[in-house]
Amino acid sequence: VSGTVRLNVIPSADVVVGLSSSDLTEIQVPATVLIPNGQTSAVFTVTVPNDNLIDGAQAPTVTAHVANWIDGAGDITVLDDENVNLAVSLPASTYENVGVLTGAGSVAISGGLPTNLVVLLQSSDPTEATVAASATILAGQTNVAFDLTLVDDVLVDGAQAVRIAASAPGFNAASNTISVSAAQSPP
């Protein structure tokens, strides 16, 4: 994006204006911009880097400085392109007699966080498949794998759809479904 530095008087010589950002992870500006003799403004390029963090809207300040002059400053709101949606991944199907599927499920977020995120997990049918009560996405990471434990219930009940749900404070809940087929055949 573009930024503009303006003077309230026409200079009689070129003016070198120093620029700085209060948060380089959100806004980066060139070190200086030149306002030519006879002009009252200059345009500069502002770089908005993607920090890959879930940090919401930020409002860094860009400051313009010339020695022995009063500094000028402007704020800009940088919107976050990462969202607060959880995503659950599971195998499409399995048999109930396979036992534990180590690391077969996962829950993900769209960007890193500065702290660990505890995600609560729940199975819609614990007689077919169970999961741990929670999984923790570590600070700076975007996903965590979890185990699925299949329950061999000795019933001839065909394929059962089991929904695994994930929730965490401040995030939109998500779920996914796995089809768990009976290991037994009808007589």
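These legends describe close-up views of a predicted model.

**View 1. The four-stranded open sheet that contains β7, β9, β13 and β11.** The strands follow one another in the order β7-β9-β13-β11, and their pairing is antiparallel. β7 (87-89) and β11 (129-130) stand at the edges with a single partner strand each, so one side of each has no neighbour in the sheet.

**View 2. The pairing of β7 with β9.** β9 covers residues 100-108 and runs antiparallel to β7, to which three bridges join this strand. A87 has A108 of β9 as its bridge partner.

**View 3. The open sheet made of β3, β2, β5 and β6.** Four strands take part, in the order β3-β2-β5-β6, with antiparallel pairing. The edges are formed by β3 (32-35) and β6, each of which pairs on one side only. On average, neighbouring strands of this sheet are turned by 25° against each other, direction ignored.

**View 4. The pairing of β2 with β5.** Strand β2 comprises residues 15-21 and is joined to β5 by four bridges. The two strands run antiparallel. L19 is matched with A64, its bridge partner in β5.

**View 5. A nonpolar patch on the surface, formed by V1, V48 and I76.** Together these residues have about 240 Å² of accessible area. One of them, I76, lies in the loop that links β6 (72-75) and β7. The relative accessible area of I76 is 31%, so this residue counts as partly exposed. The cut-off for membership of a patch is a relative accessible area over 30%, and I76, at 31%, satisfies this part of the criterion.

**View 6. N52 in the loop between β4 and β5.** The loop holding N52 has β4 (41-45) on one side and β5 (61-65) on the other. Phi of N52 is near 55°, which is a positive value in a residue other than glycine. N52 is partly exposed, and its relative accessible area is 47%. Residues count as exposed over 50%, so N52, at 47%, does not reach that class.

**View 7. N68 in the loop between β5 and β6.** N68 also has a positive phi without being glycine, with a value near 70°. With a relative accessible area of 81%, N68 is exposed. The loop that holds N68 connects β5 and β6, two strands that stand next to each other in the order β3-β2-β5-β6.

Key: Residues numbered from 1 in each chain as written. Predicted model: local features only at pLDDT ≥ 70, side-chain atom pairs only at ≥ 80, totals over all residues. Heavy atoms only, no water. Pairing = 2+ DSSP bridges. Patch = residues over 30% accessible without salt bridge, like charges linked within 9 Å, V, L, I, M, F, W, Y side chains within 5 Å. Areas by Shrake-Rupley, 256 points an atom, 1.4 Å probe, with all protein chains shown as cover. Salt bridge = Lys/Arg side-chain N within 4 Å of Asp/Glu carboxyl O. Buried < 20%, exposed > 50% of the residue type's maximum accessible area, 1.4 Å probe, protein only. Axes fitted to C-alpha atoms, helices over the stretch in contact; angles between N-to-C directions.
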